[in-house]
Amino acid sequence: MAASTSQHALVSVKSLCTGANFGFEKRTSKVRFVLVGRCCSGTRKLGLVCASNSHSSVMEPAQLPLSPESGNTPKKSSESALILIRHGESLWNEKNLFTGCVDVPLTPKGVDEAIEAGKRICNIPVDVIYTSSLIRAQMTAMLAMMQHRRKKVPIVVHSESEQAHRWSKIYSEETKKQSIPVITAWQLNERMYGELQGLNKQETADRFGKEQVHEWRRSYDIPPPNGESLEMCAERAVAYFKDQIVPQLVAGKHVMIAAHGNSLRSIIMHLDKLTSQEVISLELSTGIPMLYIVKEGKFIRRGSPAGPSEAGVYAYTRSLAQYRQKLDNMFQ
């Protein structure tokens, strides 16, 4: 699957801004996206922690790369939002099956979770959306953005071939201004569970033993048969995050990532500087957005917005408060 979708992931986004026009530019064999113009016990859950009255931040948060040669040195005034959302419940979550990279859709409950996630972030600016190549993450991103007060339309960027780009071209400049690019990448996919994919979790534990299955699921560097360990998943997910997403945050652009438990766990491990032991006990609730503020070269975790009118979230930064006021003025 990685080989078939690698071209789909070779996309970079440049000069993103709210209301910007966007187009494409071909570079050698790659297509470049360009904008023009304007629980088990002992686990930790990241969900409704850090609500409206909480201002806790991560100790020694990850810093953005400072590279004058690449032009990625963030300005002191630069500030952006990073939203992480684990997809809502899938049909195989409901059936208690190992899903991994099998592409299954959301359940009705998962749809509701995605909609609720969207309501929680409906006042937070989003300039670009990244998702995995799997439908459950893409459904979550689309449903969440449908709740956003700005009412921009999320549109999947098709860069897998020159024809796909040409056939999906938008010819209305006004429509482009009211659109948000959605970039899909296999590197953000769930951990590949190998020969466990499609097996019932309880039946697998009965067959191989609870300890063995627990080791496959919760160890950091031990993969299931012919599958990926969390360490292997982190290697691809974090590399993509650094190469493709961090430059947009450095530029002050607001980013939403809709992905999976293990790919997002890997990114949070990087941002919060968790150890391999800490990350294996980290649980992410389905459909609960996690907000980071990227400011002065640092990622500062602000938890999950409890609702669209939650005062505390918008008091964290002046820019978020100003954006919310702008929406109030536009849609009152």
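## A tour of three salt bridges

Start by selecting D328, which is partly exposed at 25% relative accessibility. This is a predicted model, so keep that in mind as you click around.

Now add R149 to the selection. The two residues form a salt bridge, with 2.8 Å between their closest N and O atoms. Colour by secondary structure and you'll see that this pair links distant parts of the chain: D328 sits in helix α13 (residues 318–331), while R149 is in the loop between α4 (135–145) and β6 (153–156), 179 residues apart. R149 is partly exposed too, with a relative accessible area of 22%.

Next stop: E283 and R218. Put a distance label on this salt bridge and look for 2.1 Å between the closest N and O atoms. E283 belongs to strand β9 (residues 282–284) and R218 to helix α8 (residues 210–218), so the pair ties together parts that are 65 residues apart in sequence. Buried or exposed, these two? Both E283 and R218 are buried.

Last, select K295 and E79. Their side chains meet in a salt bridge at 3.5 Å, N to O. Here the partners come from two strands, K295 from β10 (residues 289–295) and E79 from β4 (residues 79–86), so the contact ties together parts that are 216 residues apart in sequence. Switch on a surface for this one: K295 is partly exposed, with a relative accessible area of 33%, whereas E79 counts as buried at 15% relative accessibility.

Want to keep hunting? A search of the whole structure finds 7 salt bridges, among them the K295–E79 pair.

Key
Residues are numbered from 1 along each chain as its sequence is written. This is a predicted model: local features need pLDDT of at least 70, side-chain atom pairs count only at pLDDT 80 or more; totals for chains, interfaces and linings use all residues. Side-chain values use heavy atoms; hydrogens and water are left out. A salt bridge is a side-chain nitrogen of Lys or Arg within 4 Å of a carboxyl oxygen of Asp or Glu. Helices (H or I, at least four residues) and strands (E, at least two) are DSSP runs, numbered from the N terminus. Buried means under 20% relative accessible area, exposed over 50%, partly exposed in between (1.4 Å probe, protein chains only).
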